[in-house]
Amino acid sequence: MDILHNLRENLPADLPDWPLKRALARFSRDHHGDFDKWSNALENLPDLLNREVDLHDAVSVEGDVDTQKLTDALKLFHPWRKGPFSIAEVLIDTEWRSDFKWQRLENALGDLSGQRILDIGCGNGYFGWRMLGRGAREVVGIDPTLLFCMQHLAIEKYVQKPGNWVLPLGIEEIPNTTQFDWVLSMGVIYHRRDPQAHIEQLAALTRSGGHSIVESIVVEGSESLIPPGRYARMRNVWCVPSIDDLCKWLQRAGFTDVRVLDVSVTTMEEQRSTQWMSFDSLIDTLDPQNPQRTIEGHPAPVRAIVVGEKP
Ligand SMILES: C[S@@+](CC[C@H](N)C(=O)[O-])C[C@H]1O[C@@H](n2cnc3c(N)ncnc32)[C@H](O)[C@@H]1O
């Protein structure tokens, strides 16, 4: 069986100039040395009978399946970062309780009936399923990390609801030829060297009357932090914005009605090592003597969600 058959036959329509062929070509051992392992794991996922899907209150699929076979195949996609997913008796207890972020976000999104959404840096597409559960017509997710695209295919086998894609593409590869009702950039901006340019691209991708959401680690006060080295052990954090700067960048890019929806300290309940992500996690990046600080002495992660409207 060709695991990509479904994706190849059902790519999102109406994305002129998007490099979809290039995206498909990345599902290959030439692109990632672990591709064959993940591809075999997909082939070995057992079928599930009497399927019942809930995307509104969780990402959950009930049904009858060989639990051991399912667990063994899913574990080959370690590390599972975003979730949780519940498939029959198997709870994929991911590093992040992304359902916490969803709760902070969902009221702002409201009823998404008929909406077309772009989720930049979507991970394995967790939020895409939640948005379909809120009525979204389609969610185009992009994320250059092939493992997350493979995890998405594994979950999709059980959810079997069309309209949530995870394509192995980076934001820098996307032309601004299609405008979306909602454009989400969550956990991405601090990895971009030019945050203002990133927000300008979000504006170009948002239709007039649509909205963009930027979610980021932030620092308190008015000054953004430019970490001289790592931030919380992460190598590629260029700028941790202040909330003021984040709002200013959105306004400068032409967004109106810019609002801060939420500011939350990241807790060890929300981000932690589990059986499904056994590497280091938040606790290992904080100063053991003072968990208000990262191991490098920066303020510990606090995250904010900001929304703006495209006039
Ligand atoms: C911190 S995670 C955030 C995942 C998810 N959006 C969330 O909020 O939980 C950042 C994601 O951005 C992806 N990413 C890294 N570089 C990217 C790029 N150039 N374009 C789009 N996504 C990128 C990573 O692979 C990773 O999945």
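Student: Leaving aside its neighbours within four places in sequence, which residues is threonine 294 in contact with?

Tutor: In this predicted model, threonine 294 touches Tyr231, Ala232, Thr285, Leu286, Asp287, Pro299, Ala300 and Pro301, once neighbours within four places in sequence are set aside. Threonine 294 itself belongs to strand β14, residues 290-294.

Student: Why is threonine 294 called buried?

Tutor: The cut-off for buried is under 20% relative accessible area. Threonine 294 has a relative accessible area of 1%, so the residue counts as buried.

Student: What makes glutamine 196 buried or exposed?

Tutor: The relative accessible area of glutamine 196 is 14%. Exposed would need over 50%, and buried needs under 20%. Glutamine 196 is therefore buried. This residue lies in helix α8, residues 195-205. Outside its neighbours within four places in sequence, glutamine 196 is in contact with Trp249, Arg252 and Ala253.

Student: How do you know how α3 and α7 are oriented to each other?

Tutor: Helix α3 covers residues 35-43 and helix α7 covers residues 146-159; they pack at an angle of about 5°, and their axes are 10 Å apart. Angles under 35 degrees count as roughly parallel. The two helices are therefore roughly parallel to each other.

Student: Which residues make that contact between α3 and α7?

Tutor: From α3 come Phe35, Trp38, Ser39 and Leu42, and from α7 come Leu146, Leu147, Met150, Leu153 and Ala154.

Student: How many residues of the contact of α3 with α7 are nonpolar, polar or charged?

Tutor: The contact has 8 nonpolar residues, 1 polar residue and no charged ones.

Student: What makes β1 and β5 edge strands?

Tutor: The sheet is an open one of 4 strands, in the order β1-β2-β4-β5, with mixed pairing. Strands β1 (49-54) and β5 (90-92) each pair on one side only, and they are the edge strands. On average, neighbouring strands of this sheet are turned by 15° against each other, direction ignored.

Student: How do you know that β4 and β5 pair, and in which sense?

Tutor: Pairing requires at least two bridges between two strands. Strand β4, residues 85-87, shares 3 bridges with β5, in the antiparallel sense. One residue to look up is serine 86, whose bridge partner in β5 is leucine 91. In general, strands of a sheet pair through backbone hydrogen bonds, either parallel or antiparallel.

Student: Where does α7 lie, and at what angle does it run to β1?

Tutor: Helix α7 lies across β1, β2 (60-64), β4 and β5, and runs at about 110° to β1. Angles of 65 to 115 degrees count as roughly perpendicular, so α7 is roughly perpendicular to β1.

Note on methods:
Residues numbered from 1 in each chain as written. Predicted model: local features only at pLDDT ≥ 70, side-chain atom pairs only at ≥ 80, totals over all residues. Heavy atoms only, no water. Buried < 20%, exposed > 50% of the residue type's maximum accessible area, 1.4 Å probe, protein only. Contact = heavy atoms within 4.5 Å. Axes fitted to C-alpha atoms, helices over the stretch in contact; angles between N-to-C directions. Parallel < 35°, antiparallel > 145°, perpendicular 65-115°, else oblique. Nonpolar A, V, L, I, M, F, W, Y, C, P; charged D, E, K, R; others polar.
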